[in-house]
Amino acid sequence: SRSVHMTDQPIRGFYLGKFMPLHKGHIFVAETGCNMVDEMTILTCSTDDELIEGILRARWVQECIPGAKTIHLHKNLPQEPADHPDFWTIWKDECQTAHPAPIDYVFGSDIYIFELARVLGAKPVLVDPNRDIYSISGTQVRNNIFENWAFLPKPVQRHYQKRICLLGPESSGKSVLGSKLAAHYETRIMPEYGRVYDEFYKQPLPERVWAFEDLLQLIKTHIAMRKALSADAGPIFFEDTDSIQTAIWEHHLLGNKSSEMLALVSNDQAADYYLLLAPTVPFEQDGGRYYADLKTRERFFDMALSMVQKTKKPYGIIDQKEWAAREEAAHVAIQEFIGEAFKV
């Protein structure tokens, strides 16, 4: 803000928009305003028939631009001058109600700010009108969130990120396939923490004896790591198993499915999409696997399928007998999911 004041009154800036969704171009305009004035106010406007809830957009603005005051206006007002003969009078009154103090500058990237500034008795500051600095618009983002991911700030990314989880019995290719998919989509994968727990907590023991407390600690750590890692991922975040897999392991290792574990599964946020890998490839012992028997592996898969169906989340089944065919089928399933999941 200004370091020298010509008067005792603070210089005030005003920025109006829908921010549907908020992107880095919006933040650039807002931060420009914050650097030019003493008090910056951002009015987030919403109506009943918009695709992204207004209160959510206002929360994004508040989180991403902490140096400004955020106000949310939810009202079914005319959106274009052609919509109402008193368009500018209506918006002048709404802006002055939201911001009663005099406004010195109106900021924005669209030329309507010239008229808005005139009716508010302020000066317009037009920032990047041709999108030379940030070549993005809200419409472009809504049309293809996946392709425009880099223009979204972290809070918006968190909202739209989709998690794809791989489930299935041992030696069905979850870890290898998941790593390949993550590399292909230039994102992260949360590895199966159960393998780490088994290697460092169980394999050093004379007998690999499991207790419920082990499984509980395992899945709680897995979920905590997943939450931490997701912030460093792209629009898709892969996960090698989740709480569903741990519940199935409880059945196989301890002979039951406890109410505590089922409650944990119920409270854990289900993935947005599941890839279920069938045991239709040969079992390979890597030194840490438990069940080579095909019938046991098939029961594991059937339990996973049943539990996934209860989540009501979409899923795909990978049951090809060749590794290359399984990978290709996974790509096809993911592309179909992406086509639906990132529509706004």
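Which helix holds both Tyr193 and Tyr197, and how many residues apart do they lie? Both sit in helix 8 (residues 193-202), four residues apart, or about one turn of the helix. Keep in mind that this is a predicted model.

## The tyrosine pair in helix 8

Let's start with the rings. The structure holds 16 aromatic pairs. In the pair made by Tyr193 and Tyr197, the ring centres are 6.4 Å apart and the planes meet at 70°, so this one is edge-to-face.

Both residues are tucked away from solvent: Tyr193 has 13% relative accessibility and counts as buried, and Tyr197 is buried too, with a relative accessible area of 5%.

## The wider aromatic cluster

The two tyrosines have company, as Tyr193, Tyr197, Tyr201 and Trp210 form one aromatic cluster. There's a charge here as well: Lys202 lies over the face of Trp210, at 5.5 Å from the ring centre.

## Strand 1 and its neighbours

Now for strand 1 (residues 12-17), where six of the six residues are buried. Cover comes from both sides: Arg12, Phe14 and Leu16 are buried on one face, while Gly13, Tyr15 and Gly17 are buried on the other.

Strand 1 runs parallel to strand 2 (residues 39-46), with six bridges between them; Gly17, for instance, has Thr44 of strand 2 as its bridge partner. Put helix 1 (residues 24-36) together with these two strands and you get a right-handed β-α-β unit. Strand 1 is also joined to strand 4 (residues 105-108), again in parallel, by three bridges, and there Gly13 stands opposite Tyr105.

Conventions
Residues are numbered from 1 along each chain as its sequence is written. This is a predicted model: local features need pLDDT of at least 70, side-chain atom pairs count only at pLDDT 80 or more; totals for chains, interfaces and linings use all residues. Side-chain values use heavy atoms; hydrogens and water are left out. Rings of Phe, Tyr and Trp (its six-membered ring) pair if their centres lie within 6.5 Å; planes under 30 degrees apart count as stacked, over 60 as edge-to-face and the rest as tilted. Buried means under 20% relative accessible area, exposed over 50%, partly exposed in between (1.4 Å probe, protein chains only). A charge sits over a ring if NZ of Lys or CZ of Arg is within 6 Å of the ring centre and within 35 degrees of the ring normal. Two strands pair if DSSP finds at least two bridges between them. A crossover is right-handed if, with the strands pointing away from the viewer, the path from the first strand over the helix to the second runs clockwise.
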